[in-house]
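Biologist: Before we discuss this model, I should like each structural term to be justified against its criterion. Please show me the chain, and let us begin with the pairing of strands.

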Amino acid sequence: MSSQYGASSGLAEKRLIVLSGPSGVGKSTVVANLRREHPEVWLSVSVTTRKPRPGEEDGLQYHFVTEEEFDRLVEQDELLEWARFAGNRYGTPRAPVQARLTAGLPVLLEIDLQGARQIRESMPEALHVFLTPPSWEELVHRLTDRGTESEEVIRRRLDTAKVELAAEKEFDATLVNTSVREVCSELLALITAPKV
């Protein structure tokens, strides 16, 4: 099995699952696969100031908002966390997450390291899961094979990935993304662990 769990993490008590890891590790692919197989797993939809990409729908991949609307959400404390990435802002709306947690339902957040650290501060009961590549070479391969970004953007992402990989020890569990199916199965086991 490719996961490692901290002995004192109290996995069964956690209901808010934070999935993080370096850019290009496959977080979105894992989450999309998990939700296709298990649509009952609720994923918080982030708000962002970036423009929709072709095929993206508002409310499905993201809630697309203006800079002014994002400012309002921050000022009124309506975001659990937020961060700036590649010139745009991203954040997790507080109300829908709180509503599901109050109802005793598990919540999955797919966020970057900066956001994960903010969640750890505000909601220490969350279970933090780190998705890591099988090797540095594999991560470089995944980022350069996308073919959608300039060399400069790829270089910045790789520099950021080095910092993100060094933060693995801050997490409660690590999943190694050697197989999307296997990682989905391990992540589902963490999400559905009985609450004690």
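Modeller: The model is a predicted one. In it, strand β2 (residues 16-20) and strand β8 (residues 107-110) are paired in the parallel sense, with 4 bridges between them.

Biologist: What makes β2 and β8 a pair?

Modeller: The criterion is at least two bridges between two strands. β2 and β8 have 4 bridges, so they pair under that criterion. Within this pairing, L16 stands opposite V107 of β8.

Biologist: How do you know that β3 and β8 pair as well?

Modeller: They are joined by 2 bridges, in the parallel sense; at least two are required, so the pairing is accepted. Here W42, a residue of strand β3, stands opposite V107 in β8. W42 and V107 lie 65 residues apart in sequence, yet their C-alpha atoms are 5.6 Å apart in space.

Biologist: Which residues does W42 contact, leaving aside its neighbours within four places in sequence?

Modeller: W42 is in contact with P96, V97, R100, P106, V107 and L108. The cut-off for such a contact is heavy atoms within 4.5 Å.

Biologist: Why are β5 and β6 called edge strands?

Modeller: An open sheet is formed by 4 strands in the order β5-β4-β7-β6, with mixed pairing. β5 (63-64) and β6 (79-85) are its edge strands, each pairing on one side only. The partner of β6 is β7 (residues 88-93), to which 6 bridges join β6 in an antiparallel arrangement. One of the residues concerned is W82, whose bridge partner in β7 is G91.

Biologist: What describes the packing of α5 and α6?

Modeller: Helix α5 (residues 136-145) packs with helix α6 (residues 151-166) at an angle of about 145°, their axes being 11 Å apart. The crossing of α5 past α6 is right-handed. On the α5 side the contact is made by W136, L139, V140, L143 and T144, and on the α6 side by I154, R157, L158, A161, K162 and L165. These residues divide into 8 nonpolar, 1 polar and 2 charged.

Biologist: What makes the largest pocket a pocket and not a cavity?

Modeller: A pocket is an open set of points, whereas a cavity is one where the probe fits but cannot get out. The largest pocket holds about 1,600 Å³ of space. Its lining comprises 48 residues, of which K27, S28, Y62, Y90 and E110 lie nearest its centre.

Biologist: Which elements each supply at least two residues of that lining, and how do the lining residues divide?

Modeller: The elements are α1 (27-37), β3 (42-43), β6, β7, α4 (113-122) and α6. The lining residues divide into 16 nonpolar, 16 polar and 16 charged.

Terms used. Residues are numbered from 1 along each chain as its sequence is written. This is a predicted model: local features need pLDDT of at least 70, side-chain atom pairs count only at pLDDT 80 or more; totals for chains, interfaces and linings use all residues. Side-chain values use heavy atoms; hydrogens and water are left out. Axes are lines fitted to C-alpha atoms, for helices over the stretch in contact, and angles run from 0 to 180 degrees between N-to-C directions. A crossing is left-handed if the near helix is turned anticlockwise from the far one by less than a right angle, and right-handed if clockwise. Ala, Val, Leu, Ile, Met, Phe, Trp, Tyr, Cys and Pro count as nonpolar, Asp, Glu, Lys and Arg as charged, and the others, Gly among them, as polar. On a 1 Å grid over the protein atoms alone, a cavity is a set of points where a 1.4 Å probe fits but cannot get out, and a pocket is an open set with protein on both sides within 12 Å along at least five of seven lines; lining residues have an atom within 4 Å of a point. Grid points are joined across faces, edges and corners, and a volume is the space filled by probe spheres set on the points.
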